[in-house]
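Reader: I would like a close look at a single part of this model, with the terms spelled out as they come up. Please take one strand and follow it through its surroundings, and then turn to how the two chains meet.

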Number of protein chains: 2
Amino acid sequence: MMRVGQPTNGKGNNMRGAVMYGPGDVRVDVRERPTILKPTDAVLRVTASCVCGSDLWAYRGLEDHDWPVPMGHEYVGIVEEVGSEVRSVRPGDFVVGSFFASDNTCEICAAGYQTHCVQREAAAPGGAQSEFLRVPLADGTLVATPGMPEDDLIPSLLAASDVLGTGWFAAVAAEAGPGKTVAVVGDGAVGLLGILAAKQLGAERVIAMSRHADRQRLARDFGATDIVEERGDDGVARIRELTNGLGAHSTIEAVGTQESMMQAIRATRPSGHVGFVGVTHDVSISGLDLFFSGVHLHGGPAPVRRFLPDLIRLIWERRIDPGKVFDVTMPLDQAAAAYRAMDQRTAIKVLLRP
Amino acid sequence: MMRVGQPTNGKGNNMRGAVMYGPGDVRVDVRERPTILKPTDAVLRVTASCVCGSDLWAYRGLEDHDWPVPMGHEYVGIVEEVGSEVRSVRPGDFVVGSFFASDNTCEICAAGYQTHCVQREAAAPGGAQSEFLRVPLADGTLVATPGMPEDDLIPSLLAASDVLGTGWFAAVAAEAGPGKTVAVVGDGAVGLLGILAAKQLGAERVIAMSRHADRQRLARDFGATDIVEERGDDGVARIRELTNGLGAHSTIEAVGTQESMMQAIRATRPSGHVGFVGVTHDVSISGLDLFFSGVHLHGGPAPVRRFLPDLIRLIWERRIDPGKVFDVTMPLDQAAAAYRAMDQRTAIKVLLRP
């Protein structure tokens, strides 16, 4: 296993990587560089990583961990070395991966649910906010781009590794499509990219729930046709006003709180679909409320791997620009400032360059 | 409104009907015969009715009501009289209806969710366990059979009005179909007819969860290929053993308790579908459990009306025999005994003949 929190002299087999020592305490340490442990592993030189909304739960003291913890699970990079059994990627390839490693061959993967792969494990066990990263099950987890990307495509490819794939899954789970009105609860990077996904999937109308001018602008950029600033009961009432009293056909829940989940269910018409991807903390759904809502409910950790080939193609052909969610770029050494900016919502999403 | 609990002399405009005066207290009263109140109403002479598993919640003191309450919401009968705006059924027609009245024209009905119709109201406001019944929104609610049914078809047509339609919806919500393994939690009439529905929809394997020999027999009659007697954790473990460690593709939840709901979710593989139709009482679903289960969850009051034309046809052509769930038939006057038999599970389902 990677040793954590032991500064070394920065030479030879060492690297820099972000480590959380406890709530609010992120440091960039010099750490041991990862190596191939299993013949199915790959080691990447990380080109870009970022801070995830889900990292903030730990940062805010709302998740318990055995500190210190190496951070980061979103990454793009160049393959440095592969294990003896790896066939689909080779050193020098530029690759995108998801936050869970998957074999991409089991029955669950074949059904498109790679985040529940029977061999599932963390794809970035050593933390992706670092210079190098070991990725298990490389053949099933990593997807190579058609060539070396131009630099301006890096943010979008990085977005594909989690927030775009997650927003896309939410839109698919909510059955966004032609003729549908889609409501989006949550104006973080995932919610914003859920808007982009709904639009790409052909939704007729996309209602963004947001009260922040900068996020509203990005929402409109990505395809939102309406903005609702109200929350809770008022937000639900406003969605109903906009949908002939019935509620949205499809609702994306991209927050993960009790209020946001109930707002999503109640904003959806009977027969409609709620796609929920906010990591649910202390959320409890009343069976009777769900029974009488008549909605379909589906979500969970997004099987980003299912969508990666399509998303990479859309980005490569410059048909979508999800990288716009990165409104701030920092060097890896400033990881602590990146977490602060995300926590205080002065940044939508911070890209880290090693 | 129908007056309840006022015995009259049994002549003229009166009829007999079952009334619950409180938990465990069902009586057959002589009551006022219903009449057309709105031009969209129909009045039926009830041919057969029955006691529903959902009636038992009140009978067992687990639901609060303003007593006394006229009982029954499952019915087949002959149209006696229609309001001036009714077009699709006429006096003399033999009809089947669902427990909610619906216009069958609104956007929600058009989506197949008639139980959430924007004009929804109770279809048997005066109680269907009676000689006559007023049904609102007759055009949208009632479906006429191709002719006067032979007597042996009456139980199956009555089953279509609720338990068959509900089991069918559960199987559709669980996406039962070719190549699928379907698990069924609950061996009441709805669960048993969920088995029949899964089989009709082409499921490869249907696993019934039941520990009662008579219900196991009926389950096999209806198409169950496997029986699991274990419940809770052991039941889930057994389902996993039978499904290569993965869980069922589709699970029908036809009970409505915390244990049965969690058993259904946990017995289902990631990517799978849970169709829940047991009226959920005090059920609370952990958002985090649902998030990491990877299942699709859908259910609620079954839009029986969506399926009635198909179900009537299958019954009329004698391709299915759902009426077998009625293992006891009693005259309406013995309604109290019918409730006792259902409550004590000495009967699967009791048919009442006025």
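Author: What follows takes one strand of chain A, then a residue of another strand, and then the contact between the chains. This is a predicted model, in which local features need pLDDT of at least 70 and side-chain atom pairs count only at pLDDT 80 or more, while totals for chains, interfaces and linings use all residues. Residues are numbered from 1 along each chain as its sequence is written, and chains are lettered from A and ligands numbered from 1 in the order in which they are written.

Strand β3 of chain A covers residues 42-50, and 7 of its 9 residues are buried, so the strand is largely enclosed by the rest of the structure. Here a residue is buried if 20 or more other C-beta atoms, placed from the backbone, lie within 10 Å of its own, exposed if 12 or fewer do, and partly exposed in between. Strands are DSSP runs of E with at least two residues, helices are runs of H or I with at least four, and both are numbered from the N terminus; two strands pair if DSSP finds at least two bridges between them.

β3(A) pairs in the antiparallel sense with β5(A), residues 75-82, over 7 bridges, and there Arg45(A) has Ile78(A) as its bridge partner. With β9(A), residues 132-135, β3(A) forms 4 bridges, again antiparallel, and Ala42(A) is partnered by Val135(A). An antiparallel pairing over 2 bridges links β3(A) to β19(A), residues 350-353, where Leu351(A) stands opposite Cys50(A).

In strand β1(A), residues 14-22, lies Ala18(A), which is buried, with 29 other C-beta atoms within 10 Å. Ala18(A) and Gly72(A) are 54 residues apart in sequence, yet their C-alpha atoms are 7.9 Å apart in space. Beyond its neighbours within four places in sequence, Ala18(A) has contacts that include Val26(A), Met71(A), Gln129(A) and Leu332(A), a contact being two C-beta atoms, placed from the backbone, within 7 Å.

Between the chains, 28 residues of chain A are in contact with 28 residues of chain B, and α10(A) gives the most to the side of chain A that touches chain B, with 5 residues. β16(A) pairs in the antiparallel sense with β16(B), residues 284-286, over 3 bridges, and Ser286(A) has Ser284(B) as its bridge partner. Moreover, 100% of the interface residues of chain A are also interface residues in chain B, so the copies meet through the same surface.
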